[in-house]
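Grab a coffee and work through these exercises with the structure open beside you. Each one sets a task and then walks through a solution.

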Amino acid sequence: MIRDVTRLKETPSQTAGPYVHIGCTPNFCDIGGVYPHDLGSKLITGDVTGERITIKGTVFDGTGTPLKDALIEIWQADSAGLYNSVNETRGTADANFTGWGRSPGDMDTGEFTFETVKPGAVPFRDGRMMAPHVTFWIVARGINLGLHTRMYFEDEAEANAADPILSKIEHQNRVPTLMARREEDGVYRFDIHLQGADETIFFDV
Amino acid sequence: MTAPADDRPAPGGESEPHFTEKKHSPGQTPGGQRDKFGNSFYMRDRAWHPPALTPLYKTSVARSPQRAPLSFATTISEETSPVFGNDVLGPLDNDLIHNFAKDGAGAIGPRIVVYGRVVDEANRPVPNTLIEVWQANAGGRYRHKKEGYLAPLDPNFGGCGRCITDENGWYEFRTVQPGPYPWPNGPNDWRPAHIHFSIFGHAFAQRLISQLYFEGDPMIWQCPIVGTIPTPEAIETLVAKLDMGATIPMDARAYRFDIVLRGKRQTLFENRMEGL
């Protein structure tokens with residue numbers, strides 16, 4: 001039987017624009033009373049299992065200027081490596097952890113902050129384990145298609161060395177752009193550079 | 001908000017391309033019984049989307065990555081995504097005319113219902129997915145401290161709303177038609193009337209933000225942001241169509257806007273465990 005290979009075209013992307021916070025974090029930009037709270041403001045909703053960490057970072061443009069109008073979303077597994085998703089078939093994720101966070105960044109500095117847990121490793125398609133990582137998605141004025149990337153942990157050297165995606169990267173000298181650095185107990189810094197010598201590796205995935 | 005439902009074309013009816021829909025529970029991806037590790041999504045067609053660098057939209061110049069993105073097939077990290085149930089929604093979340101208004105008041109402007117269907121590239125409905133929208137008021141003014149347009153705020157209009165698609169991928173919300181407005185780019189650039197959309201889908205690979213435009217608006221074809229999209233064919237898919245058949249008589253006109261998210265690759269061996 002011949003399959004119908006007709007496919008629809010994906011809806012083309014458009015920039016999130018300068019007012020993405022009105023739609024996605026309205027309480028943050030003084031539109032109160034419509035939603036009780038901004039979605040994604042808490043990943044931890046109860047007595048969560050795992051190591052609590054804080055992720056902080058800033059998105060910089062090609063001139064080195066911090067973006068103050070971006071929206072940053074993260075998506076990650078729980079400490080056991082399970083996603084809180086209907087598509088997770090390997091088990092049930094920690095009920096006190098959503099795995100998804102959204103930050104409008106600080107109003108004055110643009111710095112984003114996520115209070116989360118360190119994710120466990122999850123399997124690659126062939127069963128090898130990927131190093132613990134957090135998926136990032138960045139949208140803002142001037143970004144025509146949301147940018148995907150991943151944050152890995154610099155202090156997971158052994159797991160990172162065996163990671164099937166990190167090891168595939170041609171320019172290994174750029175791999176550090178995906179590494180969060182531990183600053184003080186529990187705080188990891190992950191700055192994102194849209195351009196320049198330190199341009200973050202973005203994913204076409 | 002129920003009127004459009006009465007006039008909707010029946011799913012699978014003559015106006016809808018036919019597809020075979022697998023039985024699935026609410027909240028599950030159609031075809032969710034398949035092994036998630038052996039399949040991936042259709043790769044994103046980057047010639048169809050706007051490129052990162054579009055100099056006529058000036059802000060993109062310093063914010064566009066210059067190195068080639070790293071391509072790889074999706075993994076479980078991209079094939080999963082957060083879940084939002086209807087318990088997230090308040091009763092007025094899909095009614096922008098009233099969700100910020102004082103008691104008994106409503107937003108000023110042409111009243112419209114926006115409705116449509118979210119499907120994937122294989123034309124399978126995407127049920128139970130969150131859609132967030134935001135827009136300027138009828139005068140073209142956003143409620144935002146960084147907004148400097150001289151058109152006045154509407155005290156009864158906030159500009160945000162959200163809804164979740166039903167089991168067949170349908171969504172709807174009520175609002176006022178936003179106005180066009182000038183913006184700092186070229187010396188005299190104007191945005192066409194538009195509504196911003198954020199859609200989650202069922203996998204982070206499907207995550208998408210775009211904009212809805214209105215049929216017949218001549219400003220669409222003058223806009224540098226619209227112009228970041230390479231082809232008129234792709235732009236046309238962002239133009240909502242006036243649908244008089246779905247209007248609420250003596251109340252609101254209706255615009256239909258369908259959304260297509262990336263689709264999961266189908267294999268001939270759907271029930272075979274692959275990968276792991």
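This is a predicted model, and we start with an annotation.

**Exercise 1. Find the stretch of chain A that UniProt lists for "domain: Intradiol ring-cleavage dioxygenases", and describe its backbone.**

Solution. Start with the record: the unreviewed UniProt entry lists residues 55-83 of chain A under that name. Next, look at the two ends of the span, whose C-alpha atoms are 19 Å apart. Finally, check the secondary structure: residues 55-83 of chain A are 38% strand and 0% helix.

**Exercise 2. Work out how compact chain A is for its length.**

Solution. First, take stock of the elements: chain A has 13 strands and 2 helices. Then compare sizes: for 205 residues the globule rule gives 17 Å, and the radius of gyration of chain A is 18 Å, close to that value, so chain A is as compact as a globular protein of that length. Along the principal axes, its C-alpha atoms fill a box of roughly 55 × 45 × 40 Å. Now go inside: 51% of the 205 residues count as buried. Last, turn to the contacts in chain A between residues at least 6 apart in sequence; 66% of these join residues at least 24 apart.

**Exercise 3. Describe how chains A and B meet: how many residues does each chain give to the contact?**

Solution. Count each side: chain A gives 65 residues and chain B gives 79. Then ask which elements of chain B take part. Those supplying at least two residues each include helix H2 (60-63), helix H3 (76-79) and strand S1 (70-71) of chain B. Sort the side of chain B that touches chain A by class, and you get 34 nonpolar, 31 polar and 14 charged residues. Now zoom in on strand pairing: S13 (residues 203-204) of chain A runs parallel to S1(B), and 2 bridges join them. In this pairing, Phe203(A) stands opposite Leu70(B).

**Exercise 4. Asn123(B) and Asn128(B) have positive phi values. Where do they sit, and are they buried or exposed?**

Solution. Begin with the background: most residues other than glycine have a negative phi. Here, phi is near 65° for Asn123(B) and near 55° for Asn128(B). Next, place them: Asn123(B) is in the loop between strand S2 (111-120) and strand S3 (130-134) of chain B, and Asn128(B) also lies in the loop between S2 and S3. For burial, the cut-off is 20 or more other C-beta atoms within 10 Å. Asn123(B) has 20, so Asn123(B) is buried. Asn128(B) has 23, so Asn128(B) is buried too.

How values were computed: Residues numbered from 1 in each chain as written. Chains lettered and ligands numbered in written order. Predicted model: local features only at pLDDT ≥ 70, side-chain atom pairs only at ≥ 80, totals over all residues. Helix = DSSP H or I, 4+ residues; strand = E, 2+ residues; numbered from the N terminus. Rg over C-alpha atoms; globule rule 2.2 N^0.38 Å. Buried ≥ 20, exposed ≤ 12 C-beta atoms within 10 Å, placed from the backbone. Contact = placed C-beta atoms within 7 Å. UniProt positions renumbered as here; feature names shortened; annotations may be inferred. Nonpolar A, V, L, I, M, F, W, Y, C, P; charged D, E, K, R; others polar. Pairing = 2+ DSSP bridges.
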